[in-house]
Amino acid sequence: MTTIGFIGLGNMGNPMAANLVKAGYAVHGFDLVPENLKTARDNGVVVMANGVAAAKDAEIVITMLPAGKHVLSVYEDIAPKAAKGTLFIDSSTIDVDSARKAHAIAGKHGLLSIDAPVSGGTGGAAAGTLTFMAGGSKEAFAKAEPVLQPMAGRIVHCGDAGAGQAAKICNNMILGVSMIGVAEAFVLAEKLGLSHQALFDVASTSSGQCWSLTTYCPVPGPVPNSPANRDYQPGFAAALMLKDLKLAQEAAQQSGAVTPLGAEAAQLYALFNAQGHGGADFSGIIKFLRGDSA
Ligand code: NAD
């Protein structure tokens, strides 16, 4: 039986690890939060005393951590003690620069590595339908693909080290900008006396069509499952959208890309978060645009 080390058993990591257990892998897990370890144990994960122990007998180690600094600190800890040829998969959403540093640490110790951030949220993690965007060598990707399968709806090899993180932040910049665009259109429609349903019926089959409108509609009614219908409970929290938009801006500054709408979206989500709405779904930005969220 293949053993997988899983470090970071939070909102995403725990359901992902549970799907690996269901698929027949032995999963050795670790997290800093005792409550998360209890959930992991209930899901059939073998709970270990620390990250080094979780990685020790594993052929593959998956990390699902908050940010780049956590990933680099865990890699510095566990990489020197892992067996040569072990595959490290980092599925956290982190900055491209830290992702490349993580690959370098793994390479220095004779390990294979890929960055493989995900989209699909906690619902996708539970259902095993996440989209994985992977960066790394062909050899590392080939070894990772079957392991990602039980957690995935789709797996895309985006290129070399860091390409998965690059794809993730570019995608989420589109998402943040498009959600604001759709929300602004509904706010304007309200002022013009146009019903939500009428705008939806036209735009969803016209050139304004996009995921933020047709799947995640920011007003209640037209798309019954969108978070707007449950008072903007996430879904995808505004705090995480802000995190990803900031990562995109950092990458834009470092690479010299001009992204004025991405910058504006980051500013608007920062204000929305500052008003205390970080835990709300990111489509709740429509309340901020109407001026009724304070
Ligand atoms: P989370 O905060 O629920 O989980 C992160 C876990 O990492 C926590 O349980 C924390 O205790 C643990 N941790 C931190 N440092 C550790 C260490 N040194 N050793 C062991 N465990 C450690 O966050 P999440 O929602 O599960 O997200 C994880 C990552 O996935 C983030 O990078 C996030 O941006 C990304 N992501 C989240 C979502 C989502 O909808 N939640 C969607 C896509 C991507």
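These are questions and replies on a predicted model.

Me: Why is L194 called partly exposed?
Reply: Partly exposed covers the range between under 20% (buried) and over 50% (exposed). L194 has 39% relative accessibility, so it counts as partly exposed. Its place is in the loop between α8 (163-192) and α9 (196-203).

Me: What makes L188, L192 and L194 a patch?
Reply: Nonpolar side chains are joined within 5 Å, provided that each residue has over 30% relative accessible area and no salt bridge. L188, L192 and L194 form such a nonpolar patch on the surface, with about 310 Å² of accessible area together.

Me: How do you know that the span of α8 agrees with its number of residues?
Reply: The expected span is 1.5 Å times one less than the number of residues. For the 30 residues of α8 that gives 44 Å, and the end C-alpha atoms are 43 Å apart, so the two agree. Just after α8, G193 takes a positive phi of about 75 degrees.

Me: Why does C170 have no bond to C158?
Reply: A disulfide needs two cysteine sulfur atoms within 2.5 Å. The closest cysteine sulfur to that of C170 is in C158, at 9.9 Å, which is too far for a bond. C170 is partly exposed, because its relative accessibility is 47%.

Me: What about C210, and how many disulfides does the structure hold?
Reply: The sulfur of C210 has its closest cysteine sulfur in C217, 9.7 Å away, so this too is too far for a bond. The structure holds 0 disulfides.

Me: What does UniProt list for residues 3-159?
Reply: An unreviewed UniProt entry lists "domain: 6-phosphogluconate dehydrogenase NADP-binding" there. Over residues 3-159 the chain is 43% helix and 26% strand.

Technical notes
Residues numbered from 1 in each chain as written. Predicted model: local features only at pLDDT ≥ 70, side-chain atom pairs only at ≥ 80, totals over all residues. Heavy atoms only, no water. Patch = residues over 30% accessible without salt bridge, like charges linked within 9 Å, V, L, I, M, F, W, Y side chains within 5 Å. Areas by Shrake-Rupley, 256 points an atom, 1.4 Å probe, with all protein chains shown as cover. Salt bridge = Lys/Arg side-chain N within 4 Å of Asp/Glu carboxyl O. Helix = DSSP H or I, 4+ residues; strand = E, 2+ residues; numbered from the N terminus. Buried < 20%, exposed > 50% of the residue type's maximum accessible area, 1.4 Å probe, protein only. UniProt positions renumbered as here; feature names shortened; annotations may be inferred.
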